[in-house]
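Work through the exercises below with the model open beside you. Try each task before reading its solution.

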Amino acid sequence: GQSANAKLVAEHNKLVETLTTENQSKIKANEKEIAKLKKQIEQHTGVSGDLTGQIKEMEGDLKKIISENDELNKNLATIGAAAEKAAEYKERSETLKKDLKETTTALDTISTKYKEEQQKRKKLLNELEDMKGKVRVYCRIRPFSKTELADQEKAKSCVDIHDDFSLTVSGRLAKQFNFDSVFGGDSTQEAIFEDTQRLIQSALDGYNVCIFAYGQTGSGKTFTVQGTKEMPGITPRSI
């Protein structure tokens with residue numbers, strides 16, 4: 001009976017040992033699988049984190065693209081408005097070019113007519129001056145100076161003007177003189193220039209003209225030709 005029990009005990013121990021060995025092998029295998037699964041989980045967790053970052057980055061890029069698209073739409077609208085203005089300006093430019101061409105043509109016509117009229121005016125003016133005479137003599141009476149007016153004996157006029165062309169000089173023998181024009185003591189610088197400006201115009205037109213003042217010292221020659229700053233004479237008025 002004892003040998004049979006010992007045999008059963010030995011078989012039981014062997015079975016336990018075998019099961020223990022198998023279980024230990026399974027535990028090691030399961031631990032390896034667990035470690036593998038943990039590693040995969042960690043990898044998937046990292047990938048998930050990367051994907052989350054990529055998604056956020058893509059969302060930022062999307063917002064940026066949407067903003068740029070809105071800006072492009074605005075620019076497109078601005079460009080469209082600018083194109084409309086450019087078309088308007090082009091139309092106005094064409095109109096202005098046409099008006100300028102018409103104005104230039106009209107100006108050329110007027111300029112041609114003006115030159116023709118200038119030639120006619122020169123011809124008629126100088127024919128008129130020739131009709132008046134090649135040589136003309138004017139007489140201008142100088143008014144009394146303040147010194148002369150202070151002396152009653154000297155403030156007596158010896159000239160009697162009859163009209164715009166004749167006068168008489170009194171004295172021992174009164175004598176009448178005729179001129180192309182007579183200017184009294186109250187005549188102005190403007191009046192003298194008015195009567196000589198056609199001759200000056202003839203000189204500007206290219207004709208030979210000579211204007212000079214003749215008389216004794218103090219008779220007013222320089223005043224008539226040069227004048228003063230306040231009352232310019234023939235020369236500064238001509239210039």
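Five exercises follow, each with a worked solution.

This is a predicted model, in which local features need pLDDT of at least 70, side-chain atom pairs count only at pLDDT 80 or more, and totals for chains, interfaces and linings use all residues. Residues are numbered from 1 along each chain as its sequence is written, and side-chain values use heavy atoms, with hydrogens and water left out.

**Exercise 1. Geometry of α3**

Task: Compare the reach of helix α3 with its expected span, then locate its kink.

Solution:
- Step 1. Helices are DSSP runs (H or I, at least four residues), numbered from the N terminus. Helix α3 covers residues 189-204, which is 16 residues.
- Step 2. The expected span is 1.5 Å times one less than the number of residues. For α3 that is 22 Å. The first and last C-alpha atoms of α3 lie 21 Å apart, close to that value.
- Step 3. The bend at a residue is the angle between axes fitted to the seven residues ending there and the seven starting there. In α3 a kink of about 45° is centred on T196.
- Step 4. Look just past the helix. G206 has a positive phi of about 105°.

**Exercise 2. Burial and the core**

Task: List the buried residues of α3, then find the largest nonpolar core.

Solution:
- Step 1. Apply the burial classes: buried is under 20% relative accessible area, exposed is over 50%, and partly exposed is in between (1.4 Å probe, protein chains only). In α3, the buried residues are Q189, I192, F193, T196, L199, I200 and S202.
- Step 2. Build the core from buried Ala, Val, Leu, Ile, Met, Phe, Trp, Tyr and Cys residues joined through side-chain atoms within 4.5 Å. The largest has five residues: F183, I192, F193, I200 and I234. Helix α3 contributes the most to this core, three residues.
- Step 3. Check the contacts of I234, where contact means heavy atoms within 4.5 Å. Residues up to four places away in sequence are not counted. I234 then touches I192, F193, T196 and I200, along with T224 and V225.
- Step 4. Set this against a general trend. In soluble globular proteins, nonpolar side chains tend to be buried together.

**Exercise 3. Salt bridges**

Task: Count the salt bridges and describe each pair.

Solution:
- Step 1. Use the rule: a side-chain nitrogen of Lys or Arg within 4 Å of a carboxyl oxygen of Asp or Glu. The count is two.
- Step 2. Take R142 and E148. Their N to O distance is 3.1 Å. R142 is partly exposed at 37% relative accessible area.
- Step 3. Take E190 and R237. Their closest N and O atoms are 3.2 Å apart. The pair links distant parts of the chain, 47 residues apart: E190 is in helix α3, and R237 is in helix α5 (residues 234-238).
- Step 4. Classify both ends. E190 is partly exposed at 46%, and R237 is partly exposed at 26%.

**Exercise 4. Cysteines**

Task: Test the cysteines C139 and C210 for disulfides.

Solution:
- Step 1. A disulfide needs two cysteine sulfur atoms within 2.5 Å. The count is zero.
- Step 2. For C139, the nearest cysteine sulfur is that of C158, 10 Å away. C139 is buried, at 15%.
- Step 3. For C210, the nearest is that of C139, 18 Å away. C210 is exposed, at 65%.

**Exercise 5. Sequence against space**

Task: Relate chain separation to C-alpha distance for K221 and S67.

Solution:
- Step 1. K221 lies in helix α4 (residues 221-225). K221 and I41 are 180 residues apart along the chain, and their C-alpha atoms are 126 Å apart.
- Step 2. S67 lies in helix α1 (residues 2-132). S67 and A29 are 38 residues apart in sequence, with 56 Å between their C-alpha atoms.
- Step 3. Add accessibility. K221 is partly exposed at 27%, and S67 is partly exposed at 45%.

Notes. Helix = DSSP H or I, 4+ residues; strand = E, 2+ residues; numbered from the N terminus.
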